[in-house]
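Q: I have a model open and want to go through it piece by piece. Can we start with how the chains meet?

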Amino acid sequence: MKVNTMAEMMMNGESPEILFWVGCAGSFDQRAQKITKAFASILDKVGYKYAILGKEEACTGDPARRAGNEFLFQMMAYQNIQVLNGYGIKKIVTTCPHCFNTLKNEYPELGGTYEVIHHTTLLQQLIDEGRIKLKEGGSFKGKKISYHDSCYLGRANNIYEAPRKVLEALDAELIEMKRCKTNGLCCGAGGAQMFKEDEPGDKRINIERTDEALATGAAFIASACPFCNTMMTDGVKNREMENEVGVLDIAEMIAASME
Amino acid sequence: MQYVQQALFVLLSAAAIWLFTKKAGEIRRNILLGKDEDLSDNPSLRFKNLLLLALGQKKMFKNPLVALMHFVIYAGFIIINLEVLEIVLDGLLGKHRLFAPLLGPLYNWLINGFEFLAVGVIFVCVVFLCRRNIIKLKRFIHKDLNGWPRSDANYILLTEIILMSLFLTMNATDQVLQANGNEHYHQTGSFFFSNLLTPLFIGDSNSSLMAIERTCWWLHIAGIFAFLNYLPYSKHLHIMLAFPNAYYARLEVPGKMKNMPAVQNEVLYAMQPETAPTDAAPPARFGAKDIFDLSWKNLLDAYSCTECGRCTASCPANITGKLLSPRKIMMATRDRMEDVGRNINVNKHFVDDSKSLLHDYISIEELRACTTCNACVEACPVSISPLEIIAELRRSLIMEESNAPQEWNGTFSNIENNFAPWKFSPDDRDKWAEEMNR
């Protein structure tokens, strides 16, 4: 398969249906790269014409803004909006809820207005339209899956159903954690916490959340955010449950279950 | 004698209302110390929020049983206050049960309804006292509430029990007096709940019954006036401010952070110098160091907080033992406003006291623990955002004081130089794609 960049598409006089905003985690983090690849392979398989920015993509500035560094955020936003508007981008899909939130809600007043959707929403659409065809008796059939709500998808943007609908399509048994949907507990990564040590306390947030997920007895913890994925993966390892419980992004589950 | 009572009543009412108005004015002044922010858009949606969130207490119903109990106190308190209208008019005009002859049988029905609510209020207040002091719910024994705030909560519940008991006792003695044929006491028909209390008073002389009835009447109305004037000093102010606070709640999705147009322009002028106006003055201050730098809505939030602690109970940082407590952020903001307000009362205008909300009331460690997960915002029944205050204080820390943990400084420089929070080469950004293209 071929992953095209916007620059390549432009050179060939083509334009994509959608821009896949990969995000820093999806681009550089080894674990998150797998999510990126899984999602790209889904788009490729269903024949969705997409492109990435490639080397022209840069951090949206989310962690800088949340940490309090508005200057850096505005610099990143300025650069990205220049690039996106330069290519005349209309529609963006991203596998990262933080990028999603920033692109969708914070760039418009800075001059960057696009239709932005999260990959779980796109996956739900593709399943509903019958473009994604799932194997009969896929590897998740009847398995217990617990979905961990990402704060930036859930509370921040009120998206609770799309990821769950996608998981239901896997014929799996969805078990909710005690704190879910609007009451979901953060994984501990947001607000630039991912990039620093925890403040003094008696437990790490990701351990607290992992314990809750493990208590459901689920065989898989489903995530929809590369940062949540890292946090939950670390938590499961910390509890030495990595052989019993898998932490997978919803895109990885779908990619593994497609015909 | 009657005229003395009337005069006393007028005096008491006037004093209570004057005191309350004065303090309410101070609170309004304190709130307006914050920065201007236009929140008058979309009035229909705002009105809907007021109805759903404040009047309908929608968020409370996340826990239906507690919501129901809270609703009993709330409805009881508001509806029984209709009775206060009669009490006030009686007091002013020197009448007794002014509405009884006017309303006829409906009057009996109304008072019975009020009594039913009064008993409900007493019951729920007792349950709530138990939750705070015997069952010791975690969010109520939390260290945020040590000292005055914990007593404040108990005083409110006790006062409501006392006020409702006075109301019932007053009605009970009234009924005995009616039965004794005292002409001043109109026949109103029996009131179900206070009738149960009448055995306590049967056999008492008319004069002692009247003394009890009058004492209850006076204490009831004096208690209500005292309560009114206690509100501005108490967490209980939420019974009033929840309404404007719900109306002015932010309507944008919670994920969106407030933009800083001043910084946006600075960056624009740096990138495109030709767009810079020649007289562009740099913004006075970045983020919020003190209450003056916050929006008036943040300050209204602080006065609307009733310290219930749902925010703190849902905060991932607090749950895992970090210092941050969103409730304490709101309490600290109100404390600072009160201190500034006192300063203004004494000096006519604010005289620098070399203190600020940041550092002196809210510490760096608290701010640093926030994951911006919006759990506190979601949890608040009265539309408060502790997160907005945290974010504004963080901006001040970073942009005014360059005060960041070492790791964040590394993150910032990576974002600036490598366009990602980690130290990877920007050239490797699409390496995953190259691997797939092979």
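A: Yes. Bear in mind that this is a predicted model. Between the chains, 61 residues of chain A are in contact with 58 residues of chain B.

Q: Which helices of chain A each supply at least two residues of the side that touches chain B?

A: They are helix 2 (23–28), helix 3 (30–45), helix 4 (62–67), helix 5 (70–86), helix 6 (97–106) and helix 9 (205–215) of chain A.

Q: And where does the largest share come from?

A: From helix 5 of chain A, which provides seven residues of the side touching chain B.

Q: What about nonpolar, polar and charged on that side of chain A?

A: The residues of chain A that touch chain B split into 25 nonpolar, 19 polar and 17 charged.

Q: OK, domains now. How is chain A divided?

A: Into domain 1 (6–123) and domain 2 (134–257). The centres of these two domains of chain A, taken over C-alpha atoms, are 23 Å apart.

Q: How many residues does each domain of chain A put into the contact?

A: Domain 1 of chain A puts in 26 residues and domain 2 of chain A puts in 25 residues.

Q: Which helix gives the most on the domain 1 side?

A: Helix 3 of chain A, with eight residues. By class, the side of domain 1 of chain A that touches domain 2 of chain A has 12 nonpolar, 10 polar and four charged residues.

Q: Switching to the sheet in chain A. What's the strand order?

A: The order is 6-5-7-8, in an open sheet of four strands with parallel pairing. Strand 6 (173–174) and strand 8 (246–249) of chain A are at the edges with a single partner strand each, so one side of each has no neighbour in the sheet.

Q: What packs on it?

A: Helix 8 (residues 161–168) of chain A packs on the sheet and touches strand 5, strand 6 and strand 7 of chain A. The direction of helix 8 makes about 170° with that of strand 5 of chain A.

Q: How many bridges join strand 5 to strand 7?

A: Three bridges join strand 5 (residues 144–147) and strand 7 (residues 220–223) of chain A, and the two run parallel. Ile145(A), for one, has Phe220(A) in strand 7 as its bridge partner.

Q: Last one: helix 12 of chain B. How many of its residues are buried?

A: Eight of the nine residues in helix 12 (residues 296–304) of chain B are buried. Among them are Leu299(B), Leu300(B) and Tyr303(B), and also Lys297(B) and Asp301(B).

Q: What covers them?

A: The cover includes helix 1 (2–31), helix 10 (238–247), helix 15 (326–347) and helix 19 (386–401) of chain B.

Key:
Residues are numbered from 1 along each chain as its sequence is written. Chains are lettered from A and ligands numbered from 1 in the order in which they are written. This is a predicted model: local features need pLDDT of at least 70, side-chain atom pairs count only at pLDDT 80 or more; totals for chains, interfaces and linings use all residues. A residue is buried if 20 or more other C-beta atoms lie within 10 Å of its own, exposed if 12 or fewer, and partly exposed in between; C-beta atoms are placed from the backbone. Two residues are in contact if their C-beta atoms, placed from the backbone, lie within 7 Å. Two strands pair if DSSP finds at least two bridges between them. Axes are lines fitted to C-alpha atoms, for helices over the stretch in contact, and angles run from 0 to 180 degrees between N-to-C directions. Ala, Val, Leu, Ile, Met, Phe, Trp, Tyr, Cys and Pro count as nonpolar, Asp, Glu, Lys and Arg as charged, and the others, Gly among them, as polar. Domain bounds come from an automatic or database domain assignment.
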